[in-house]
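Here are my notes on the model you sent, set out as numbered points. Please read them with the sequence and the structure open beside you.

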Amino acid sequence: MIHGILNIYKEAGFTSHDVVAKLRGIIKQKKIGHTGTLDPQATGVLPVCLGKATKLCDMLTDTKKEYRAVFRLGLTTDTEDIWGETLRESDISVSEDEVRKTICSFKGGYNQIPPMYSALKVNGKKLYELAREGKVIERKARPVTIYEIKNLEICLPEFTMTVVCSKGTYIRSLGRDIGEKLGCGACMTSLERTAASGFHKKDSHTLDEVEKLVKENRLMEAVIPPDQVFMSLPCQTVKKQYEKILYNGNPLKSECFTSSCGDEQRLRIYDEDGCFIGVYDWKDQKKMYFPDKLFY
């Protein structure tokens, strides 16, 4: 079994679940999970975890993401994107300067109402399932953060921008809210995720590229080891004499390490053969390091 992360470039027409299903067939491995859904028509970075690296899925989902998106003013749809049913068309009577100022006003935190066509669950049922039944229900606004809006291009009735945002932000809904504030409505016409969880478009691989690597027996060239996610943490190596304790997933005393760890609260742990074991946290009350995530 392969353990690590593949930086996949999801192409249009696939769901995130489709990507996982196709990878299972390409790699011949069942234990695979993705780190955050992309709409079927959206493209871009989709980190996929393999084997024991699936323990990283939740952690990687919780991070900042970057998108490049295009919106059309004056058009409102039920899905908040160009692929939905048109609800309203409006005249555009705003200037480029007004559009620019309104877009920039969304920088920072704000409460966003998620779209009906989304995978969020209400009373055990996904919103998009209710929407397909013709039902529209009240959704609670959720706090999101827009860290950056950059590379803004305005060519009315369209505008294009790069957005860096928090987990849980719907870019379609950001466009909807901008359109509402301008008084003319808006919908998204294109979406590409250019970065997620420290993974970038320039380093990504399409499914066809992964399949070619498998056929050439070169897949490991694209697989990112799990410890690369934790490279910002200090590392420690456990002495040979304590490896039984290590491999059994037990807590470790400072004396188990080959060097002094000072007052570090969180560590990357390896055995003396250089094998990454996992991430450990210091518990002051117990005076020991306890495993948080194990990959051995």
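1. Before turning to the helix pair in the next point, it helps to fix one term: a helix axis here is a line fitted to the C-alpha atoms over the stretch in contact, and angles run from 0 to 180 degrees between N-to-C directions. Please also keep in mind throughout that this is a predicted model.

2. Helix H1, covering residues 16-27, packs with helix H6, covering residues 207-215, at an angle of about 15°, and their axes lie 10 Å apart. Because angles under 35 degrees count as roughly parallel, H1 is roughly parallel to H6. The crossing in which H1 passes H6 is right-handed.

3. On the H1 side of this pair the residues involved are Val19, Lys22, Leu23 and Ile26, and they meet Leu207, Val210, Glu211 and Val214 in H6. Sorted by class, the contact of H1 with H6 comprises 6 nonpolar and 2 charged residues, with no polar ones.

4. As for the overall frame, the protein has 7 helices and 17 strands, and its C-alpha atoms fill a box of roughly 75 × 45 × 40 Å along the principal axes. Of its 296 residues, 47% count as buried. Among contacts between residues at least 6 apart in sequence, 65% join residues at least 24 apart.

5. In soluble globular proteins, nonpolar side chains tend to be buried together. The largest nonpolar core in this model has 28 residues, of which Val99, Ile103, Phe159, Met161, Ile171, Leu174 and Ile178 touch the most other members. At least two residues of this core come from each of strand E4 (65-73), helix H3 (96-104), strand E10 (142-155), strand E11 (158-165), helix H5 (171-182) and strand E12 (186-196), and E10 gives the largest share, 5 residues.

6. Phe159 deserves a look of its own: once neighbours within four places in sequence are set aside, Phe159 is in contact with Ala69, Val70, Phe71, Leu73, Val99, Ile103, Leu152, Glu153, Ile154 and Ile178. A second core, separate and made up of 18 residues, includes Ile2, Val20, Leu23 and Leu219. Leu23 is also one of the H1 residues that meet H6.

7. Is Ser173, in helix H5, buried or exposed? Since its relative accessibility is 0%, Ser173 counts as buried, the cut-off for that class being under 20%. Not counting residues up to four places away in sequence, Ser173 touches Glu80, Tyr110, Gln112, Ile113, Pro114 and Pro115.

Notes: Residues are numbered from 1 along each chain as its sequence is written. This is a predicted model: local features need pLDDT of at least 70, side-chain atom pairs count only at pLDDT 80 or more; totals for chains, interfaces and linings use all residues. Side-chain values use heavy atoms; hydrogens and water are left out. Helices (H or I, at least four residues) and strands (E, at least two) are DSSP runs, numbered from the N terminus. Angles under 35 degrees count as roughly parallel, over 145 as roughly antiparallel, 65 to 115 as roughly perpendicular and the rest as oblique. A crossing is left-handed if the near helix is turned anticlockwise from the far one by less than a right angle, and right-handed if clockwise. Contact means heavy atoms within 4.5 Å. Ala, Val, Leu, Ile, Met, Phe, Trp, Tyr, Cys and Pro count as nonpolar, Asp, Glu, Lys and Arg as charged, and the others, Gly among them, as polar. A nonpolar core is a set of buried Ala, Val, Leu, Ile, Met, Phe, Trp, Tyr and Cys residues joined through side-chain atoms within 4.5 Å. Buried means under 20% relative accessible area, exposed over 50%, partly exposed in between (1.4 Å probe, protein chains only).
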